[in-house]
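Please look through the sequence and the structure shown here before reading on. The report that follows takes the chain part by part, for a reader who has not met it before.

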Amino acid sequence: MQHKFIKKLLTILIVLSTMSILFPTADTYAAVKMNVSSKTLYVGNSTTLNVSGTKKKITWSTSNKKIATVTSKGKVTAKKKGGCTITAKVGKKKYTCKVTVKNKTLTINKSSVTIVVGKSTTITAKTTPSATVKWSTSNSKIATVSSKGKITGKKKGTCYVYAKGNGITKKITVKVTASSTSSTTTTVKISKDKVVCINPGHQNKGDSSTELNGPNSTVKKAKVTTGATGVSSKISESSINLAVGLKLKTELENRGYTVIMTRTTQDVNISNKQRAEIGNKASVCISLHCDSSTNSSAVGAHTICIDKSSSLYDTSYKLGLNVINSYCTATGINSKGVVARSDLTGLNWSTVPAIYIEMGFLSNPNEDLLISSDSFQNTMAFGIANGIDAYFNA
Ligand SMILES: [Zn+2]
């Protein structure tokens with residue numbers, strides 16, 4: 001009888017120990033996860049990743065230590081521009097975070113100025129990520145510079161002004177001329193005949209009635225579409241285009257340009273052909289757009305110009321190239337270069353150099369949040385204005 005009881009007890013114990021192998025401790029079943037799945041860092045900056053839901057040992061590794069390193073505690077340090085994957089190994093499971101490393105930037109709107117003794121000019125500097133810019137002069141007897149980049153001519157001669165920020169130094173050559181030479185104020189003065197049309201793409205509600213795709217076309221396309229929507233921000237493309245457009249208007253006017261806007265509010269109904277016709281009153285026309293894709297990982301910006309069959313190709317391409325280069329330098333957004341197309345109504349009806357800029361992807365959660373942010377839109381407008389300056393000063 002007692003013997004039988006022990007045998008029964010043993011059987012229970014064997015069953016229980018088998019169960020604990022098949023169904024391990026609760027720890028494995030908790031929601032183990034990494035706090036972020038992707039992260040953008042600037043060279044030199046660090047962030048600490050963590051895996052929650054486990055008490056087990058975590059082993060951290062990087063797919064490329066030249067791009068970013070990781071310590072045994074999950075602290076990631078950005079080393080060089082590029083992308084890599086940080087992996088946290090917990091038992092047999094792996095959790096990953098994609099890390100994008102970008103260079104810090106400092107851009108200035110002029111690299112040389114000529115000013116008359118007693119006169120001033122201001123250099124604009126932008127930093128990504130945002131940082132304080134320190135100004136200095138190589139010779140304060142010739143020209144001084146304020147903490148805001150305002151340069152004042154003191155005595156005839158040449159000196160250098162330095163802008164320093166994000167670990168980058170930019171040099172501006174300053175030529176100070178005697179007050180009797182009243183002909184020049186700055187070497188990069190924009191003449192009044194430089195008129196820029198800004199067309200913030202789309203509008204609050206599209207208009208699906210059609211119009212001819214171009215003067216030599218029989219194809220009809222919708223007059224104007226509603227545009228995309230930010231996957232994270234839920235902000236409409238048309239309102240982002242308008243916000244950047246209004247900032248670009250201010251920036252260009254501050255630099256001496258005359259600006260024509262195709263629209264300044266959301267509640268309009270202006271077709272793409274009508275917008276091109278407004279643009280034809282200017283020297284150049286810039287249409288602002290945001291991209292969208294079914295692939296949520298697609299990122300980057302590009303400009304679009306008319307294709308090679310047009311006599312405006314060369315100048316439009318030059319405008320597109322200057323704008324995309326300056327835009328991507330200022331914003332740190334990945335450049336996809338210039339694309340030539342013959343199917344866009346807005347370009348086909350243009351009689352002046354015209355481009356579209358696709359400023360970034362609203363279908364990518366990170367890029368959407370970036371380009372829909374008010375402060376970043378200042379940098380976007382600054383970058384586009386630099387490109388327009390570069391085009392006119394070439
Ligand atoms: Zn668009």
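## Residues with positive phi

Histidine 202 has 26 C-beta neighbours inside 10 Å and therefore counts as buried, the cut-off for that class being 20 or more. The model is a predicted one, and in it histidine 202 sits in the loop that joins E19 to strand E20, which covers residues 207–212. The phi angle of histidine 202 is near 70°, a positive value in a residue other than glycine.

Lysine 234 likewise has a positive phi, near 65°, and is a residue other than glycine. Its place is the loop between strand E21 (220–224) and H3. Is lysine 234 buried or exposed? Lysine 234 has 10 other C-beta atoms within 10 Å and is exposed, since a residue with 12 or fewer falls in that class.

## The chain as a whole

The secondary structure of the protein chain comprises eight helices and 26 strands. The chain has 394 residues, of which 37% count as buried. Among the contacts in the chain with a separation of 6 or more, 67% are made by residues 24 or more positions apart.

## Helix H3

Helix H3 runs over residues 237–254, and its 18 residues, at 1.5 Å a residue, should span 26 Å; the C-alpha atoms at its ends are 26 Å apart, which agrees with that expectation. Of these 18 residues 13 are buried, so H3 is largely enclosed by the rest of the structure. After H3 comes glycine 256, whose phi is positive, near 100°.

## The nonpolar cores

The largest nonpolar core has 48 residues, and the members that touch the most others are Val196, Ile286, Tyr327, Ile355, Ile357 and Ile384. At least two residues of this core come from each of several elements: strands E19 (195–200), E23 (284–291), E24 (301–306) and E26 (354–361), together with helices H3, H5 (313–331), H7 (365–371) and H8 (374–393). H8 gives the most to this core, namely seven residues.

Which residues are in contact with isoleucine 384, leaving aside its neighbours within four places in sequence? They are Leu248, Ile286, Val323, Tyr327 and Ile357. A second core, separate from the largest, has 18 residues, including Ile115, Ile142, Cys159 and Val161.

## The packing of H5 and H8

Helices H5 and H8 pack with their axes 7 Å apart, at an angle of about 145°, and their crossing is right-handed. On the H5 side the residues that meet H8 include Leu319, Val323, Tyr327 and Ala330. On the H8 side the residues that meet H5 include Met380, Gly383, Ile384, Gly387 and Ala390.

An α-helix has 3.6 residues a turn, so residues three or four places apart point the same way. Tyr327 in H5 and Ile384 in H8, which both belong to this packing, are also among the residues that touch the most other members of the largest nonpolar core.

## Two open sheets

One open sheet has three strands in the order E3-E7-E6, and its pairing is antiparallel. Its edge strands are E3 (46–48) and E6 (68–70), each of which pairs on one side only, and the twist from one strand to the next averages 20°. E3 pairs with E7 (residues 75–78) in the antiparallel sense over three bridges, and threonine 47 has valine 76 in E7 as its bridge partner.

Another open sheet has four strands in the order E11-E18-E17-E14, with mixed pairing. Strands E11 (112–116) and E14 stand at the edges with a single partner strand each, so one side of each is left without a neighbour in the sheet. In this sheet the twist averages 25° from one strand to the next. Strand E17 (residues 157–165) pairs with strand E18 (residues 168–177) in the antiparallel sense over nine bridges, and valine 161 has isoleucine 172 in E18 as its bridge partner.

## A cis peptide bond

Which form does the peptide bond from threonine 128 to proline 129 take, cis or trans? This bond is cis, with omega near -10°. Proline 129 belongs to the loop between strand E13 (125–128) and strand E14 (134–137), and E14 is one of the edge strands of the sheet with the order E11-E18-E17-E14.

How values were computed: Residues are numbered from 1 along each chain as its sequence is written. This is a predicted model: local features need pLDDT of at least 70, side-chain atom pairs count only at pLDDT 80 or more; totals for chains, interfaces and linings use all residues. The expected span of a helix is 1.5 Å times one less than its number of residues. Two residues are in contact if their C-beta atoms, placed from the backbone, lie within 7 Å. A nonpolar core is a set of buried Ala, Val, Leu, Ile, Met, Phe, Trp, Tyr and Cys residues joined through C-beta atoms within 7 Å. Two strands pair if DSSP finds at least two bridges between them. Axes are lines fitted to C-alpha atoms, for helices over the stretch in contact, and angles run from 0 to 180 degrees between N-to-C directions. A crossing is left-handed if the near helix is turned anticlockwise from the far one by less than a right angle, and right-handed if clockwise.
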